[in-house]
Structure formats: structure tokens, C-alpha cells
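The exercises below are meant to be worked with the sequence and the 3D structure open side by side. Each task is followed by a solution that proceeds step by step.

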Amino acid sequence: MQKEQILEVQNVVKHFDISGGILDQLRFNKGKIYLEKKTVKALNGVSLTINKGETFSVVGESGCGKSTLGRTILGLYPPNKGQIFFKGNRIDNLSPKKMLPFRTKMQMIFQDPYASLNPRKTVRTTLEEPIRFHQPSLSKKEIKEKVEEIMAQVGVDPGWADRYPHEFSGGQRQRISIARALMVDPEFIVADEPISALDVSIQAQILNLLMEAQEKRNLSYLFITHDLSVVEHISSRVAVMYLGRICEMGPTENLFDSPRHPYTQALLSAIPKLGETGLKHIKLKGEVPTPIHLPSGCVFHLRCPHANERCKKEIPELITLDNQTQVACHGVEEKRI
Amino acid sequence: MKRTKIFLFLGLILVLFSTVLALFAPYLAPYDPFQINVDQLLQPPSWEHLLGTDALGRDVFSRLVYGARVSLWVGFVAVGISVGIGVVLGLLAGYLGGWVDEIIMRFVDIMLCFPSFFLILAVIAFLEPSLFNIMVVIGLTSWMGVARLMRAETLSLRKREFVLAAYLNGASLLRILFVHIFPNGIAPILVSATLGVASAILVEAGLSFLGIGVQPPIPSWGNMLMEGKGVLEIAPWLSIFPGLMILLTVLGYNLLGEALRDILDPRKKENK
């Protein structure tokens, strides 16, 4: 079954220059003066497609580049290489002005509900802002009605519109953040860990709100999280990231039932399950290497129990398996694992 | 906290005192400050002339009250100019970063290299010493601290998520800077502006004392001091009262600034 694509990311690379000013870059070695550039290699060739109406989750540990991926897609960071398409239109190289029509279609929900609302603006002003840029033709009355309608939809009393963010709880603020994203009737939302800063009881409410909005508006989500049980619950497809690369990607059920990549296997084995006795999780050796000096070959080879000589030299490409999952692993390709 | 309250109280009283003098000068002054009276030269303080008269027989109290207008006017306009320049350059440097930041901040460094009082002296020596020129020159030579403060605030705010959200919604650069960043980084600017008023008043008094500030017969505390210094031994009230006014007003703004800093600093709140 071929579904309509809404977003396509092709081989995106994003490196951050952290070498600082020219004086910080100066190095002396064996009587020679030279400049040394340091870069954080946040994304190293990421490709994925998101279909209309689906929830695509990206999981991985801190620093694996999942947030960078979300922000690069929305144009907060220009990618160093690669292309991003929204409904077939290339959007990664547009000027802010040309990007404007796409901004109404793509929105973002942030992790920290305490930092994502301007503390000196009332909820109404915050919610009106996106409309000011995208639908300037609306009358004051229409804007007011729209604000109240959306506030009611996300479960915040519209009578509170003239209050300031500090008067709301974390869960309510996150609802307001979601309301801001919904104001312009988007089709695609990047949700960057939208529930990880909330209490568990509130997490479920916010998830339900997001899923409700998806159903009503046929939204597509790029859901960035490190909470694997949430991923299993809400998403149709999942990508697992490690050091700026996708190591495994596929339909949620298939990936959770039979993870193939050694990293995915270790990650999934760490989910605690009810009724399970004893520790069964796979322990990985060592730490995640720094993204400043990437390991050669497969980024995971230093910690992989199945690594061989080829893994140290050659970067594995994503290969598609029978059950529609894609895996970047020489071991799986060679049928060793 | 007790110290802060005392500072705030004293500062407010002194600031209010000089402001009331300046605002209600025509009602408070018993005589015309420009009225020369050859019958009553260098009269000591009396009930008729509360603070005595000067070498031209003008009433010192009236001149002091009108002098408050000049001093405060110079203080506020100069600070307004310096805050305006500093805030705009600081916001741009902090938000845009890169070579914009590099150029603006190196320019700040260059400006800080000049001892500002002598820079003002040199500029005023070329231009005509007038009230307007003094205000502008003081403003143009005192914005660097504000620019640095605003840049630091901007750096910490520019990656905040509400700023990113505004950018993602297509907010223009000016809107991001002045609607989202500036109102959230205003606290240190407020403190710096309050302290700036004090130093601008001092600089004006210094310039006027040296004779290249506000020109007689317009009364300013600085040029009243200068006029008094020749007759210091026989008519000390000519110097004491303008000096006292400068002292109290500058002290008032400094105390108020200190108190504001303590109040607006979130770290200080914890040990309340």
C-alpha cells in the first residue's frame, strides 16, 4: 500500500562548528602554525520519509542527534549537506520569506513547557502571534474566536486567555504550546520530547491530546523521544538513532518484536516489563563516543559485541529486510546476527 | 535584605527630592534665577534669600532649583541616548553572532579604550559647548556597558524555546529582538540606566565646572560651583549648596540603582 508522503529527508548532514574565534583555533605543532577546526558531527547522513497522517518516532539516547534532526527539518539549522522536501517542494535552502508559506504547515512543540512560552506575554498574545504573520486578513473578532476555539480544543479554559504563563501548571503550559502550534492549522508537527518534562499522569493526558488532534486534523508527527514505551504506544513507524545515524528504522511492531541491529536489541532489552523476573538486558561495554571524533566505519563498532574488521573500516548503509525494516549493519547483511 | 530596603528608601527619597525640585521649579523658586540685583551682592543666607545671593546678587536658592532641571534633563537624555544605542547594538551582536558580533564588540572595546571624560572634553572643545551638545556627547560615549549587558542577556535568551517558536512562526528579526528578547532581558539594563543617570549628572557638573559645559547665565550645579570658587572664603554658601545638591542627587541614583540590582537579581532573592 503506497501512502502519500508529506516529508522526505535525504542524506542530511549537520555539523556544528565549535572551534570559536580565529585565536582559539590557532595551534602550534613542530614549529608550524595552523588553524584547527572542531566540529560536532550531530547528523551524519540521515534519510527518512514520513507519510501523511502517521506518527514517526525517533528514539535514541541523549546527544544522538534526534533533536538536531527535528530542528534541521524545520529550518532552525541549515543542513551542511542533503536535501529536505515537504510535499515534494525542497525547503532546506529557502530564504525566510519563501519559507513563510511552509511555516504554517510545519510547527514544533518543545520539550520544556517553562521555556517555550514568553513569560512576559499573555496566553492570548502568544497564540495570536502566528496568525499575525500567516493570516493578516482575519479581523480582530475572528482572531479572538479562533483563539478561544483552539484553547477549548486543547482543554484550557478560554476565559484564562489573558493570564500569563507563570499562572499555569506545566501540563497546562504544554497544552498552550500545543495550541500555539495548532493555531495555523499545520499538517506536520515536530514534537521534540513533548512529554518528558511532565508528570507521568499528565504525560498520558498530553499524549491523548496529541493523538486526538492527529485524528481530527489528519496531522503527521515527527515524535522525538527517549521513552520507548510511549513510542510503542503511539507511533506507526520508528527510527533508532545512534551518533547522528539511523541504525534501524521500520514499522513499530516489527521493530519492537524483532529488533535486528545490535544497538536496537540492547536498547529494547532495557525496557522494564511487568511480570519479568531477573535482569535480562544486554549490557553494552564502554560509553557513547564523542560526536567530535566519530569512530571510523560503523559508529557503533566500538561497543558492538559482533563487530569485526569490516565494521571498523566500512560505514554500513541501510538495507531493507523482508519485514519492511531497514537496518544499517554489516552483521545483519552478512547474516552473522 | 534590610540593607536593600534602606538603600531603596533613601534612594527613592533623594531621587524624588531632586525630581520635585526640577518639575516644580517655577513654583518653588522665590525669585527669577536670572534677575541681577546689584544692591544685594554676596548676601549670606537669610530669611529673605534662603541660601544667600551670588556675586551678581542673584538668589542662590532659585538658581539651585532651576539648576536641578538642567542636571536631570542632561542625565535622562544622555542615558536615553546611551541605552538606545547600547540596547540596539547589544541585541544585534548577541542575536546575530558571527562577524556582526565580532565587529560590534571590537568597536565597544575600542570605545572603552578612551578615557571617556577626556574624549568628551576633546569633542566639546571642537563643538560649541551647549546643553544639547553635552547631552548627545555624554550619551554617545557611555553606551558600551549597556551594549555588553544587552549582548550577554541576548546570548542567554536567543536559544530559549519561545524565541525559537517565534522564529518558526515567521516572526521578523525586529519582532524577535524587541518583542521577545528585549522585554525579558530588561532587568540589568534598568539597573545600569539608573546608575548611568548618576554618572551623567556628575560628568555634566564636571564639564560645567571646567567652563565647557552649560554656559552661564543658564544655571547648572556645575557652573554654580565654578562661580562660587573665586569667593569661597567670603561666600562659602555659593559652593556648599550646589555641591550638596550634586552629592545628594548622585547618591540617590546610586542607592536606587544598587537597590534595584539586589531586587532584580534572582540569586539574591533566595537569602531573603
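**Exercise 1.** The model is a predicted one; begin with B:G185 and determine which residues B:G185 contacts once its neighbours within four places in sequence are set aside.

*Solution.* Step 1: locate the residue, which sits in the loop that links α9 (173-181) to α10 (186-209) in chain B. Step 2: leave out the neighbours within four places in sequence, and the contacts of B:G185 are B:M150, B:E153, B:T154 and B:L157. Step 3: for contrast, take B:S18, which is 167 residues from B:G185 in sequence and lies 29 Å from B:G185 in space, C-alpha to C-alpha.

**Exercise 2.** Decide whether B:G185 is buried or exposed, and give the count on which the decision rests.

*Solution.* Step 1: recall the cut-off, since a residue is called buried if 20 or more other C-beta atoms lie within 10 Å of its own. Step 2: apply it to B:G185, which has 22 other C-beta atoms within 10 Å and is therefore buried.

**Exercise 3.** Test the length of α10(B) against the span expected at 1.5 Å a residue, and then work out how far this helix is enclosed.

*Solution.* Step 1: the helix has 24 residues, for which the expected span is 34 Å. Step 2: the C-alpha atoms at its two ends are 34 Å apart, in agreement with that expectation. Step 3: of the 24 residues in α10(B), 19 are buried, so the helix is largely enclosed by the rest of the structure. Step 4: look just past α10(B), where B:G211 adopts a positive phi of about 90°.

**Exercise 4.** Describe chain B as a whole, starting from its helices and strands.

*Solution.* Step 1: chain B contains 13 helices and zero strands. Step 2: its C-alpha trace extends over about 75 × 50 × 30 Å along the principal axes. Step 3: 44% of its 272 residues count as buried. Step 4: among contacts in chain B with a separation of 6 or more, 70% are made by residues 24 or more positions apart.

**Exercise 5.** Describe chain A in the same manner, and then judge its radius of gyration against the globule rule.

*Solution.* Step 1: chain A has twelve helices and 14 strands. Step 2: the radius of gyration is 22 Å, which is close to the 20 Å given by the globule rule for 337 residues, so chain A is as compact as a globular protein of that length. Step 3: along the principal axes its C-alpha trace spans about 70 × 60 × 40 Å, and 39% of the 337 residues count as buried.

**Exercise 6.** Trace the order of the open sheet of four strands in chain A.

*Solution.* Step 1: the order is β4-β1-β6-β7, with antiparallel pairing. Step 2: β4 (39-51) and β7 (89-90) of chain A are the edge strands, each of which pairs on one side only. Step 3: within the sheet, β1 (residues 5-17) and β6 (residues 81-86) of chain A run antiparallel and are joined by five bridges. Step 4: A:V13 stands opposite A:K81 of β6(A).

**Exercise 7.** How many residues of each chain are in contact across the two chains?

*Solution.* Step 1: 19 residues of chain A contact 13 residues of chain B. Step 2: on the side of chain A that touches chain B, at least two residues each come from α3 (96-103), β8 (106-109) and α4 (123-134) of chain A. Step 3: α4(A) gives the largest share, four residues. Step 4: by class, this side of chain A has ten nonpolar, four polar and five charged residues.

Methods. Residues are numbered from 1 along each chain as its sequence is written. Chains are lettered from A and ligands numbered from 1 in the order in which they are written. This is a predicted model: local features need pLDDT of at least 70, side-chain atom pairs count only at pLDDT 80 or more; totals for chains, interfaces and linings use all residues. A residue is buried if 20 or more other C-beta atoms lie within 10 Å of its own, exposed if 12 or fewer, and partly exposed in between; C-beta atoms are placed from the backbone. Two residues are in contact if their C-beta atoms, placed from the backbone, lie within 7 Å. Ala, Val, Leu, Ile, Met, Phe, Trp, Tyr, Cys and Pro count as nonpolar, Asp, Glu, Lys and Arg as charged, and the others, Gly among them, as polar. The expected span of a helix is 1.5 Å times one less than its number of residues. The radius of gyration is taken over C-alpha atoms; the globule rule is 2.2 Å times the number of residues to the power 0.38. Two strands pair if DSSP finds at least two bridges between them.
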